Amino acid sequence: MCTFGKTPLPSMTAAQKSNQSVMAYKMRVCEGFAGNAWSCCPLSPAVVMNSVSPTAAQYLGGSMQDEGLAPRPERRRTPSWEPRGHFGHGAGSEPIREAPGEPDEVDRLKAKLMSAWNNVKYGWSVKTKTSFNKTSPLILLGQSFLLNHEDEVERFRLAFVSRLWMTYRREFPQLEGSTLTTDCGWGCMLRSGQMLLAQGLLVHLLPPGWTWPDAQQLTDVDMELLKPRSPSRTGGVPVPSFPTARAPNSTPRGRSSAGGEGSKRGQRRGTETSRDRQTEATHRRVASWFGDQPQAPFGVHQLVELGRSSGKKAGDWYGPSIVAHILRKAVGKTSEVHNLAVYVAQDCTVYKEDVVQLCDLSLAEGSEPSPGWKSVILLVPVRLGGESLNPSYIECVKNILRLECCIGIIGGKPKHSLFFVGFQDEQLLYLDPHYCQAVVDVTQANFPLESFHCSSPRKMSFSRMDPSCTIGFYAKNQKDFESLCSAVSEALSSSKEKYPIFTFVEGKGQDYGLEGQSGPPGNSPAHILPPGRPSRSTKRSSVDEFVFL
C-alpha cells in the first residue's frame with residue numbers, strides 16, 4: 001500500500017538538491033542524445049547530421065526560432081543557451097545562471113559535453129579527392145601551374161603543402177573568462193585569419209619561392225587530374241606520388257664529377273644546407289607564434305583577448321572585418337616580429353598617405369626618426385554583393401588572386417569560414433580550418449610540424465562564396481607598395497561594376513573625415529569619397545558579419 005500521502009518526506013539537504021540537479025541534467029542530456037540530438041547542443045538544431053569531413057561539414061545556421069525549432073521551455077533555463085549571431089553558437093560564453101544556487105558542476109558538465117561533441121563532429125574526415133583540370137591554369141597565390149606534367153604537379157604539391165594550415169584545436173589551456181579548452185564550432189574565422197597572417201609572415205621572413213623541405217613526406221595528396229577532353233567529368237586520373245623527388249640542381253646518385261667541380265659543388269651544397277637550416281628554423285618559429293598557448297603572440301588566446309575591445313569573447317563568432325583589426329593589434333603588440341606593420345583599410349578605401357605614415361621610419365613619431373621603410377600587410381575588408389556574391393566581381397577576384405602581392409582572402413561560404421588561396425576555372429581553391437586536432441606543445445624544441453600543413457587541396461564554386469570577406473596584400477618596401485597600388489588598381493578595374501571593390505586614394509583618412517585606425521569599422525563614420533566622386537551605395541550592409549541566405 002502506498003503511504004506517501006500519510007507520511008511526510010524528510011527535507012533534502014543543499015548537497016542532495018545539488019546532486020539531484022546534476023542527475024536531472026545528465027538524464028536530460030542522455031535523453032537528448034537518444035531522441036532530440038540538439039536538446040543538449042546549442043550549436044545547431046541538427047548537428048548530429050553533420051558528422052562528415054572537415055571540407056563537407058558546414059555550420060547549420062540561423063537561430064532556432066527562425067527555423068521553427070525552438071527548444072522546449074522547461075529545458076531552456078539560462079540565456080547562455082540562446083543562439084547568438086547568425087551561427088546559433090551559444091556554447092562559448094561564460095554561463096549566466098538564473099538560479100544563484102545552481103551548482104558549478106552543471107556548467108563544467110556542459111562545457112565537457114560540448115567539447116566532446118565538437119571533437120567528434122570535427123575530429124574525423126572522409127577522404128575524398130579533388131579534381132583538377134589538366135588543361136586550365138591553376139592559380140595559387142600569384143603562382144600559375146599547368147598540371148599536364150609530373151614536374152608541374154610536383155611543383156604545385158610542394159607549394160600548396162608549404163602553406164601554414166590552422167585548424168580547430170582541442171585540449172589547450174583554458175581560455176580566460178570561460179571554461180573552454182577548444183575552439184571547435186566557433187573559432188573558424190580566427191583560424192582563417194591566422195592562416196592569412198601566417199602567409200604574410202612567411203613571405204616577410206623567408207626567401208621568395210620557399211617550400212617546406214619536409215613537404216615531400218606528405219606524398220598522399222588528395223587530388224585527381226581530369227583528362228584533357230573531359231572537363232566536365234567528375235572522375236579523373238589519380239595524381240602520382242613522388243616520395244623521392246630531388247631538390248633542384250641535385251645530381252643523380254652514382255655520378256662523379258671532376259675534382260675541382262666536385263669541390264665547388266660540395267661548398268655550394270654546404271652553403272645551401274646552412275641556409276636550409278636557417279629557413280627551417282624561421283619556419284618553425286613562425287608556426288610557434290600561432291601555438292595554442294597564452295604566451296603565443298598570434299595564438300587563439302591572444303586573439304580572443306584582443307577581441308574584447310571589439311565586444312567579442314571566447315565562444316562568439318568573429319566576422320572577417322573584426323578579425324582584420326584583431327590581427328593588426330596582435331602584430332602591433334608583439335615584439336617577436338620586426339620591421340612589419342599592418343594597415344586595415346577603412347570603408348573600402350586605402351589611404352596611401354596613412355600607409356606612408358605607418359611605414360616610413362623617417363616619419364615615426366615618439367622615437368628618433370631613421371631612414372628606412374617597414375614592410376606592410378594591407379588588409380581590406382570588402383563586401384562583394386548584397387545577400388550573395390555579385391557575379392560581376394568574380395573576374396576581379398580572379399585577377400587579385402593572380403597577383404604575387406596577394407596573400408589570400410579570409411571569408412568563406414555562408415556559415416562556413418575558409419581561407420581562399422587561388423582558383424581554377426570557376427572554382428576557388430581554399431584551406432579549411434574545420435578539422436579538430438590535438439593541441440601541439442610549441443614550447444618544445446622540435447615540436448611536430450605535420451599538423452600545421454595540409455595535403456588536401458579543396459575547391460568550391462565562386463557562386464557559393466559569401467560576399468563578406470577580407471583581402472590581404474604584402475609589400476616589402478616602398479617600391480613594392482607603389483607597384484602594389486598600380487597592380488591592384490588595374491585588377492580592380494576589370495570589374496563590370498561601375499565602382500570598384502575598393503579604391504586607393506591619395507591623402508589621409510582624416511582629410512575625408514575619418515579618425516584613423518583607432519577601432520573596428522563598427523565604430524567608424526561612414527565612408528566619404530573625394531569631392532566630385534559619387535557614392536557607390538546609399539545602403540550597405542555591415543561587413544562585420546556574413547549575410548546568410
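Which residues touch the most other members of the largest nonpolar core? That is a good place to start with this predicted model, and the rest of my notes follow from there.

1. **The largest core.** The residues with the most contacts to fellow members are Leu-140, Phe-156, Leu-190, Leu-201, Phe-290, Phe-298 and Tyr-318, in a core of 69 residues. Helix 4 (residues 188-205) is the top contributor, giving eight residues. There is also another core apart from this one, with 49 residues, among them Leu-401, Phe-462, Leu-484 and Tyr-512. As general background, nonpolar side chains in soluble globular proteins tend to be buried together.

2. **Around Tyr-318.** Have a look at what this side of the core brings together. Leaving aside residues up to four places away in sequence, Tyr-318 touches Trp-186, Met-189, Leu-190, Val-304, Lys-312, Lys-313, Val-323 and Ile-326. One of those, Met-189, sits in helix 4 and is buried, at 1% relative accessible area. Met-189 and Ile-322 are 133 residues apart along the chain, yet their C-alpha atoms are 9.7 Å apart in space.

3. **Helix 9.** Is this helix mostly covered or mostly open? Mostly covered: seven of the eight residues in helix 9 (residues 394-401) are buried. The buried set is Ile-394, Cys-396, Val-397, Lys-398, Asn-399, Ile-400 and Leu-401, so note that Lys-398 and Asn-399 count as buried because they fall under 20% relative accessible area. The cover over these buried residues includes strand 2 (138-140), strand 10 (406-413), strand 11 (416-424), strand 12 (427-431), strand 15 (468-475) and helix 10 (478-492). Leu-401 turns up again as a member of the 49-residue core.

4. **Strand 10 and its partners.** Strand 10 is largely enclosed by the rest of the structure, because eight of its eight residues are buried. Strand 10 pairs antiparallel with strand 15 over four bridges, and Ile-410 has Thr-470 of strand 15 as its bridge partner. Strand 10 also runs antiparallel to strand 11, with five bridges joining the two; here Gly-412 stands opposite Ser-417. The hairpin of strands 10 and 11 has two residues between the strands, and Lys-415 in that hairpin takes a positive phi near 70 degrees.

5. **A buried arginine.** Arg-458 is worth a click. Arg-458 belongs to strand 14 (residues 458-461), and at 8% relative accessible area it counts as buried. What does its side chain make a polar contact with? The partner is the side chain of Thr-130, at 3.1 Å.

6. **Cysteines.** How many disulfides does the count come to? Zero. Cys-396, one of the buried residues of helix 9, has 0% relative accessibility. Cys-454 is buried as well, with a relative accessible area of 6%.

7. **The overall picture.** Stepping back, the protein has ten helices and 16 strands. Buried residues account for 52% of its 549 residues. Taking contacts between residues at least 6 apart in sequence, 72% join residues at least 24 apart; the Tyr-318 contact with Met-189 is one to look at in that light. The accessible surface is about 25,700 Å², and carbon and sulfur atoms hold 51% of it.

Technical notes. Residues numbered from 1 in each chain as written. Predicted model: local features only at pLDDT ≥ 70, side-chain atom pairs only at ≥ 80, totals over all residues. Heavy atoms only, no water. Disulfide = S-S within 2.5 Å. Buried < 20%, exposed > 50% of the residue type's maximum accessible area, 1.4 Å probe, protein only. Contact = heavy atoms within 4.5 Å. Areas by Shrake-Rupley, 256 points an atom, 1.4 Å probe, with all protein chains shown as cover. Polar contact = N/O pair within 3.5 Å; in protein donor to acceptor, adjacent residues only side chain to side chain. Pairing = 2+ DSSP bridges. Core = buried A, V, L, I, M, F, W, Y, C linked by side-chain atoms within 4.5 Å.
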